[in-house]
Amino acid sequence: DHLPDQLRHDLDPAARSQAMKPLLEIRDLLVCREARPVVEVDHLAVDQGNVLAVVGPNGAGKTSLLLAVAHLIKPERGYILFNGEEIPANKELQYRRRIALVLQEPLLVSQTVHQNAALGLHFRGFPKEEIARRVDHWLERLGIAHLRDRRADKLSGGEAQRVSLARAFVLQPELLLLDEPFSALDNPTRRGLLDELRSILAETATTTLMITHNLQEATQVSHHLAVIIGGKLRQTGTPEDLLNSPVSDEVAAFLRTQSRD
C-alpha cells in the first residue's frame with residue numbers, strides 16, 4: 001500500500017499493456033478508388049511518440065492510405081484503430097480534432113500568416129489569449145514570426161509550408177499526418193525544413209505518419225519505414241533493417257534506386 005504511484009503503475013499488468021499499445025494500428029485494410037483496389041495493408045502500427053515513414057514509388061497507394069487514416073476516404077474493408085479502438089462514424093469529428101494533416105499543397109486561405117496558423121484553433125473554440133500564445137510560439141519556432149502580417153499569397157513555397165506546419169503544431173495533435181509535404185520545394189529549402197521537422201518531432205514526441213517517395217527524406221526524420229509497392233505493403237522495419245535485409249528483389253530494387261538518387 002505504500003508503493004509510489006508510478007511504481008504501482010509500472011507493476012500493474014493492465015497499465016503496462018496499455019502503455020505498449022500502438023497509438024495507430026491498421027489491420028487487413030483494403031482501400032479502393034473508383035471501384036479499383038489501390039492499397040492493401042495486412043498490418044501496420046505506429047507506437048506512441050514514434051515517426052513512421054511510408055515510402056514507395058509514385059502511384060503506389062501511399063496517399064490513399066493516409067487519407068483512409070484521416071477518415072477522408074472510407075476503406076472497402078479492414079480496421080483503423082486509434083489508441084486501441086475503432087472510430088465509429090458518430091465520433092469522427094472528435095477523432096479529427098485529435099489529429100493534424102499537412103499536405104503537399106499548403107492550401108492557405110487569403111489571409112495573413114498569423115490568421116492562417118490560427119484557423120484550426122478558432123474552429124475549435126479556443127480562447128483568444130491561448131490562440132495568440134500558441135500561434136506566436138510556433139511562428140517563432142518555425143522562423144516565420146517576421147511574416148505574421150504578410151498575406152499568404154505573398155509567400156514563397158517554403159514559407160507557405162512553414163505556415164502549414166505551424167497550423168498543424170498549434171493544435172498539439174496526438175497524431176500528425178504528413179503527405180509529401182516537401183516534395184514541391186527546392187533541395188536547400190527541403191533540407192532545411194526536414195532538419196527543423198526532425199528536431200520538432202523529437203522535442204514534442206509527436207506520433208507521426210509521413211508519406212514520401214524519397215528514401216533520404218524518410219530516413220532523415222523517421223524511426224521506422226514501411227515500403228509500399230504496387231498497392232501492397234511489402235516490408236516494415238528500421239532503415240537499417242530494410243537496407244541490409246530487403247524481403248524481395250522488388251523492395252531491393254526500389255531501395256537501391258533511391259539510394260543512388
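## Exercises on a predicted model

Phenylalanine 169 touches Trp138, Leu176, Leu197, Ile200, Leu201, Thr204 and Thr206, leaving aside residues up to four places away in sequence. The structure is a predicted model, and the exercises below start from this residue.

**Exercise 1. Classify the ring pair formed by tryptophan 138 and phenylalanine 169, and place both residues in the chain.**

Step 1. A pair of aromatic rings is described by the distance of the centres and the angle of the planes.

Step 2. The ring centres of tryptophan 138 and phenylalanine 169 are 4.9 Å apart, and the planes stand at 20°. Pairing requires centres within 6.5 Å, and planes under 30 degrees apart count as stacked. The pair is therefore stacked.

Step 3. Tryptophan 138 belongs to helix H6 (residues 128-141) and phenylalanine 169 to helix H7 (residues 157-169). With these positions 31 residues apart, the pair links distant parts of the chain.

Step 4. Both tryptophan 138 and phenylalanine 169 are buried.

**Exercise 2. Determine how many aromatic pairs the model has, and classify the pair of phenylalanine 82 and tyrosine 95.**

Step 1. The count comes to two aromatic pairs.

Step 2. For phenylalanine 82 and tyrosine 95, the centres lie 5.2 Å apart and the planes are at 75°. An angle over 60 degrees counts as edge-to-face, so this pair is edge-to-face.

Step 3. Phenylalanine 82 is in strand E4 (residues 77-82), whereas tyrosine 95 is in helix H4 (residues 92-96). They are 13 residues apart, and the pair links distant parts of the chain.

Step 4. Phenylalanine 82 and tyrosine 95 are both buried.

**Exercise 3. Describe the largest nonpolar core and identify which element gives the largest share of it.**

Step 1. The largest nonpolar core has 34 residues. Within this core, the residues with the most contacts are Val135, Leu165, Phe169 and Leu176.

Step 2. Two or more residues come from each of strand E6 (99-102), helix H5 (113-123), H6, H7, strand E7 (175-179) and helix H8 (187-204).

Step 3. H7 gives the largest share, six residues.

Step 4. A second, separate core has 29 residues, among them Leu23, Leu44, Tyr95 and Leu177.

**Exercise 4. Characterise the largest pocket and the second largest pocket by volume and lining.**

Step 1. The volume of the largest pocket is about 530 Å³. Its lining consists of 21 residues, and Ile99, Ala100, Leu101, Arg124 and Leu171 lie nearest the centre.

Step 2. H4, E6, H5 and H7 are the elements that give two or more residues to the lining of the largest pocket. E6 gives the most, with four residues.

Step 3. By class, the lining of the largest pocket has 14 nonpolar, two polar and five charged residues.

Step 4. The second largest pocket has a volume of about 300 Å³. It is lined by 15 residues, and those closest to its centre are His71, Lys74, Pro75, Ile87 and Glu92.

Step 5. E4 provides the largest share of the lining of the second largest pocket, four residues. This lining divides into eight nonpolar, two polar and five charged residues.

**Exercise 5. Decide whether helix H3 (residues 62-69) is largely enclosed or not, and examine the backbone just after H3.**

Step 1. In H3, the buried residues are Lys62, Ser64, Leu65, Leu66, Leu67, Ala68 and Val69.

Step 2. Because seven of the eight residues of H3 are buried, this helix is largely enclosed by the rest of the structure.

Step 3. Just after H3, histidine 71 has a positive phi of about 60°. Histidine 71 is also one of the residues closest to the centre of the second largest pocket.

**Exercise 6. Locate glutamate 34 and glutamine 172, and give their phi values.**

Step 1. Most residues other than glycine have a negative phi.

Step 2. Glutamate 34, although not a glycine, has a positive phi of about 55°. It lies in the loop between strand E1 (24-33) and strand E2 (36-46). Its relative accessible area is 82%, so glutamate 34 is exposed.

Step 3. Glutamine 172 is likewise not a glycine and has a positive phi of about 50°. Its place is the loop between H7 and E7.

**Exercise 7. Establish whether isoleucine 229 is buried or exposed, and list the residues it touches.**

Step 1. Isoleucine 229 is found in strand E9 (residues 224-229).

Step 2. The relative accessible area of isoleucine 229 is 8%, so this residue is buried.

Step 3. Leaving aside residues up to four places away in sequence, isoleucine 229 touches Pro57, Ala60, Arg234, Glu250, Val251 and Phe254.

Methods
Residues numbered from 1 in each chain as written. Predicted model: local features only at pLDDT ≥ 70, side-chain atom pairs only at ≥ 80, totals over all residues. Heavy atoms only, no water. Phe/Tyr/Trp six-rings, centres within 6.5 Å; stacked < 30°, edge-to-face > 60°. Buried < 20%, exposed > 50% of the residue type's maximum accessible area, 1.4 Å probe, protein only. Core = buried A, V, L, I, M, F, W, Y, C linked by side-chain atoms within 4.5 Å. Contact = heavy atoms within 4.5 Å. 1 Å grid on protein atoms, 1.4 Å probe; cavity = no way out; pocket = protein on both sides within 12 Å on 5 of 7 lines; lining within 4 Å. Points joined across faces, edges and corners; volume = space filled by probe spheres on them. Nonpolar A, V, L, I, M, F, W, Y, C, P; charged D, E, K, R; others polar.
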